[in-house]
Amino acid sequence: MATEEDVKVFSFDVDGTLVSKSFTDAVWLRGIPEAYAEQKGLSIEDAYAIIKSDYERVGDESIEWYRIDYWLRKYGLELTPEELFTRYRNEVHVYEDVEHVLKELRSAGYDLVISSNATMEFIEFQIPPVIRRLFSHIFSATSHFGEVKKSNSFYTRVCQILNVEPHQMVHVGDHWVFDFLNPREIGINAYFLDRSGSTNKWHRYIINSLEEVLKMFGDKV
Ligand SMILES: [Mg+2]
């Protein structure tokens, strides 16, 4: 297990970790279909069915799937990402433990970064400036590295850019493969965050809140 002497950087996933998925779901599953229905004079149900099947056809292995401008252009929607996002700004929900935990880690001298699969537009819209300024770097697999998943090579590049060894980094996220198995494979101290608390905590790398990270690295905090 990592000790606080080893660790220099804490890395966090975004959707499901720092913010809930409600905004992202609202944009993709309500925003795009509703705008398309309005523009084409379709019912919301028909527009939703068309768009859902297009999402499935493009698929999450393709970089386009993640790019909001691709979809706005594809459907000829006269709408900027900002206009679309603003419609759903009330759906942005930063989890309650985030600000406190990040500030404690920062004041303990750790470097904080974001390692996300989301594109930069989604990250920037959802993370308010008061929290964003606590991070030294934001890494988007899709926007910066042209990758659709957070792979081992994604995390290797992040460590190289930050000039740290994998064992000097803690990563926390809510995806079993992309936030836990992949970073662990290269030696990052990854923790699987299950905010629902439904996963049996069969080992010490499963946590239910960010506060548990503070407890683990508590000596220095
Ligand atoms: Mg996530």
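**Figure 1. The K52–E56 salt bridge in helix 2 of the predicted model.** K52 counts as partly exposed, at 32% relative accessibility. The residue forms a salt bridge with E56, and the closest N and O atoms of the pair are 3.8 Å apart. E56 has a relative accessibility of 56% and therefore counts as exposed, the cut-off for that class being over 50%. Both residues belong to helix 2 (residues 44–58), where they are four residues apart, about one turn of the helix. A search of the whole structure gives nine salt bridges, among them this one.

**Figure 2. The salt bridge between K150 and D13.** The side chains of K150 and D13 meet at 3.0 Å, N to O. The two residues come from distant parts of the chain, 137 residues apart. K150 is in the loop between helix 8 (141–145) and helix 9 (152–162), whereas D13 is in the loop between strand 1 (9–12) and helix 1 (22–40). Both K150 and D13 are buried. A network of salt bridges links these two residues with D179.

**Figure 3. The salt bridge between E91 and R30.** In this pair the closest N and O atoms are 3.5 Å apart. E91 lies in the loop between helix 4 (81–87) and helix 5 (98–107), and R30 lies in helix 1, so the salt bridge ties together parts that are 61 residues apart in sequence. E91 has a relative accessible area of 26% and is partly exposed. R30 also counts as partly exposed, at 38% relative accessibility. Both values fall between the cut-offs of 20% for buried and 50% for exposed.

**Figure 4. The open sheet and its edge strands.** The sheet has six strands in the order 3-2-1-4-5-6, with parallel pairing. Strand 3 (137–140) and strand 6 (206–207) stand at the edges. Each of these two has a single partner strand, so one side of each is left without a neighbour in the sheet. Strand 3 runs parallel to strand 2 (residues 111–116), and four bridges join them. In this pairing S116 stands opposite S140 of strand 3. Helix 9 packs on the sheet and touches strand 1, strand 2, strand 3 and strand 4. The direction of helix 9 makes about 155° with that of strand 3.

**Figure 5. Strand 1 and its two partners in the sheet.** Strand 1 pairs with strand 2 in the parallel sense over four bridges. V9 stands opposite D111 in strand 2. Strand 1 is also joined to strand 4 by four bridges, and these strands run parallel. The bridge partner of S11 in strand 4 is H171. Both faces of strand 1 are covered. On one side V9 and S11 are buried, and on the other side F10 and F12 are buried.

**Figure 6. The backbone at N163.** N163 is not a glycine, yet its phi is positive, at about 60°. The residue is in the loop between helix 9 and strand 4 (169–173). With a relative accessibility of 69%, N163 counts as exposed.

**Figure 7. The interface between domain 1 and domain 2.** The domain assignment gives domain 1 as 9–20 + 93–216 and domain 2 as 22–91. Taken over C-alpha atoms, the centres of domain 1 and domain 2 are separated by 27 Å. The contact takes 14 residues from domain 1 and 16 residues from domain 2. About 1300 Å² is buried between domain 1 and domain 2, and carbon and sulfur atoms give 64% of this area. F122, F125 and V148 supply 45% of the area that domain 1 buries against domain 2, more than any other three residues. One salt bridge is found across the interface of the two domains.

**Figure 8. The salt bridge between K149 and D60.** The closest N and O atoms of K149 and D60 are 3.4 Å apart. The distance meets the cut-off of within 4 Å for a salt bridge.

Conventions: Residues numbered from 1 in each chain as written. Predicted model: local features only at pLDDT ≥ 70, side-chain atom pairs only at ≥ 80, totals over all residues. Heavy atoms only, no water. Buried < 20%, exposed > 50% of the residue type's maximum accessible area, 1.4 Å probe, protein only. Pairing = 2+ DSSP bridges. Contact = heavy atoms within 4.5 Å. Axes fitted to C-alpha atoms, helices over the stretch in contact; angles between N-to-C directions. Domains from an automatic or database assignment. Buried area = accessible area lost by both parts, 1.4 Å probe.
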